[in-house]
Amino acid sequence: MGGFCDLVASPAQAQRHHTLFGPQTPARHLPFTSLCTIPCPRRQLGMLLPNLFWPPTVYFLSVRNRRMYRAVHESERLPLGEEQGPTHSKWAMTLAAIGVGVLVVTVSVNRSATSSLWTATSISSAAQSTQSFLSTPQRPGYVSMPVKLVSSGAAQHLTKSSGAANRMDTSHIVVPTGTSQMSLASVLMMTAVATIAAGWAWIRKGHGHSEPLAMVAISGERLHADVQSSIITGSQRLNKLTVLYASTAMDAPANPLLDQSGLPRFGSIGAENVKPAVTKVLANLRADFKVLEEHISTVPVEKMYKELIEGMEKLSAPLEYSWGVVGHLLGVKNSPELREVHEAMQGDVITTSQALGQSLPVYNALQALKADAAAWDNLEGPQQRIVEASLRSMKHSGVGLEGEQLKKFNQIALDLATLSTKFSNNVLDSTKAFTLTLTEKEQIAGLPASALALYAQTAKMKGHENATPENGPWVIGLDIPAYMPAMQHLKDGSVREQLYRAYVSRASTGDQDNAPIISQILKLKKQRAQMLGYNTAADMSIASKMAGSVEDVDNLSEMLRIASFDAAKRELADVQAFAEKNGFQGKLALWDVPYWSERQKEALYSITAEELRPYFALPCVLQGLFDLCERIFKIKIFAADGEAEIWHKDVRFFKIMESDQHIASFYLDPYSRPENKRGGAWMGVCQGASKVLDRKPVAYLICNGSPPVGSVPSLMTFQEVTTLFHETGHGLQHMLTRVRDAEAAGIRNVEWDAVELPSQFMENWCYDRPTLFGFARHYSTGEPLPVPMYEKLAAQKNYNSGMAMLRQINFQQIDMQLHSRYDPDDPSAGTSFDVMQSMADKYAVIPPLPEDRFLCTFGHIFAGGYSAGYYSYKWAEVMSADAFAAFEEVGLENEEAVREVGKRFRETVLALGGGKHPSDVYREFRGRDPTPDALIRHNGLATN
């Protein structure tokens, strides 16, 4: 009989199993082996019988005890040994026999392997390649499969492949591994049992039961004490005797936010799941952290990193997972219900996080670790950076504060989180609240066909069922895919003015007014910084960045301003002259500049953005992007749609392979959805690389590109193409990390003014001829982009680059001014909008409108991570331009040299993450510090 495998009852027992056998120990070498399982979707259970008369291939998953423990105890956080559920009955025992029978019959009728049916084995890639194996059903061997085990009626989820379909409507049958022989009589008997099982499943489904059936078979030889400690209770416990246990999950299905054994169950997660899930993980986190605080006082300093840093990673993982999913959905699938529960739970999350960051026992333990020379030298470089970053983070969390000061500090943290969320919601609401409906053809003169199709499609969604691109009506919104074509192509200046004024006044009136929120945020950030010993909020921000001081940022801004200001003035004068030559009268207004700039660009380069669109269909662009990644980074990206649940039908899922190993995955949400998705583009972390949690990195790549219209695929503007490459650059740094210490893996612990390096680096490849011709093909004919069009596209790269650079410098200096030199508590200093207007004299060639409220939508600094850090774009762009220059220097046409430089970039910038200081990482790649020369040259602003 095969070995016994139970679910351990305590963390100590689980740790003992893990310590004795380790994560890589093959199951066949264990004194007791693992469970194996075959999932059977209920609607297909009745289809098993026809297959009984054919020799099926044996498929199963080997799941080690430590993984079961992690899934149940660390992810589900169920009180082991204390589950509440229906009592075991004769029906339960019958179901156990049925379950074993179904599996035995399905697996054992392999006529070529009847003497060794269930040989236990270890499958190191337990969650990958499921589809590829299943697509070749004649292939003998093993395949990873989803696993769900329900014990004591608690409906607990164990390990589960992200590709499982019908997760909540699945019968899972679990048996022990071992070695066995089946007689013909046994097979016939089990065939009858399988028939009963199929009938039972259908009967229950017919009565509206959708919960899974759970069958557990436990067998073998174990010490009586170990059997007694099993969490499966309510039946006989005998040595050297096979005992069957089973139950049916009569409770409601498990909360999908608590199912953290795989990727998020986006198809099942709703607002109603948030409060119970977050409440549960917070309670567990607080209780476990209290135990950890007591425990570390007894830990020798040489073991402190493992016990404390890695221990904290385990404790924090369930909250990071569940709250991270909630935050993600708030950005891509916003709803009143989700907002309400997010707001209700945010205070508890912040309070708990603050309490962890203010723990004196933890802070003192980390200081002791750093002070002990022997223990410190024993740590690897990334681990030392993690400890240093943790100490700095705890200082910024107020670890040294006490009494009323601490209470005030914590309230500031709560208020800032609430205000930032409100700010973001106001921007989303005000953006989607405005629409302009046009009904006269004169009003839409100049618009390209793609814009007319989009506006007619929007009109249909707004209730104009008969809207057509030819006859309207046409509805224009303020999301970028709708707003920009109108500003660039509408001949009617009055319509452009109406749109422009609406755009720059978003979130500035009524209940959606962000002006008072901005004032409060600035005041609170100033108070927080001063409570921690900094003079300004900017000083506090700079403390964790590459830039040494606010003055360093000012120096960079001034250098780039000098390089771009005169060029920007010339560019505007050229547009003005062109407009006048073509009949425009008067001085160009802010809503005129985009229109006439587009006309001038067309005249100069004989090409329009709309002419390029048909060559940038999203599927082709994606393939070209993936080919580039394979070419320079030696990775392969494959579509894996259907292997992960998604939050919207347009979302795609991909896997990254390196040397035939699955190393990472990512979601791509490409299109604008102004009704519930915030604007802009970003890379988000689904989960990070972790050796402690045995996790591969998974990213969210979020864009707001042009959606498909009818049967026509998404035809991207060139700017949307570069945006996709940009966000992929962020994703690559997250996913291609070699660092396995979670707090320094990927983008974590990377100084904020360096995180834009890989993203802006990737944008350069959009102009690389081999790369561009790899994907620029007409969506309907397949014809490649004509060479003359490519040459014109490359020639217009630096069109109005002076104005574009000056615009970015303006934004970063407004940000720095507000957080360093502006005093929000001084009435004589004016408002934040006065600051914005005052900066225009130095950093803008056209002053903003007096009523311009751009700051009310400046989410980067008031609702994101760029507070006193917007300069990071230009700071990192100096490095990204210099990094691309390394490829230029060896010759972009020299394929072998390009691959070699790409390998070096992959092994440094993309691999080392936060494990080294960015300056050291860059020197390792480039052999020197970066210079701004390449940036100025790439923008066409070099003077010699």
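**Close-ups of two helix pairs**

**View 1. Helix 17 (residues 480-489) and helix 18 (residues 493-504) cross at roughly 140°, and their axes come within 10 Å.** Welcome to a predicted model, in which local features need pLDDT of at least 70, side-chain atom pairs count only at pLDDT 80 or more, and totals for chains, interfaces and linings use all residues. Residues are numbered from 1 along each chain as its sequence is written, and side-chain values use heavy atoms, with hydrogens and water left out. Axes are lines fitted to C-alpha atoms, for helices over the stretch in contact, and angles run from 0 to 180 degrees between N-to-C directions. Helix 17 and helix 18 are therefore oblique to each other (neither under 35 degrees, nor 65 to 115, nor over 145). Their crossing is left-handed (the near helix is turned anticlockwise from the far one by less than a right angle).

**View 2. Here is where helix 17 meets helix 18.** Ile 480, Tyr 483, Ala 486 and Met 487 of helix 17 touch Arg 496, Leu 499, Tyr 500 and Tyr 503 of helix 18 (contact means heavy atoms within 4.5 Å). By class, this contact has seven nonpolar residues, no polar and one charged (Ala, Val, Leu, Ile, Met, Phe, Trp, Tyr, Cys and Pro count as nonpolar, Asp, Glu, Lys and Arg as charged, and the others, Gly among them, as polar).

**View 3. Helix 11 (residues 336-357) packs against helix 15 (residues 403-433) at about 150°, with axes 10 Å apart.** That angle makes helix 11 roughly antiparallel to helix 15 (over 145 degrees). The crossing of helix 11 and helix 15 is right-handed (clockwise). Residues in the contact include Arg 339, His 342 and Gln 346 of helix 11 and Phe 409, Asn 410 and Asp 429 of helix 15. The contact of helix 11 with helix 15 divides into six nonpolar, nine polar and two charged residues.

Note on methods
Helices (H or I, at least four residues) and strands (E, at least two) are DSSP runs, numbered from the N terminus.
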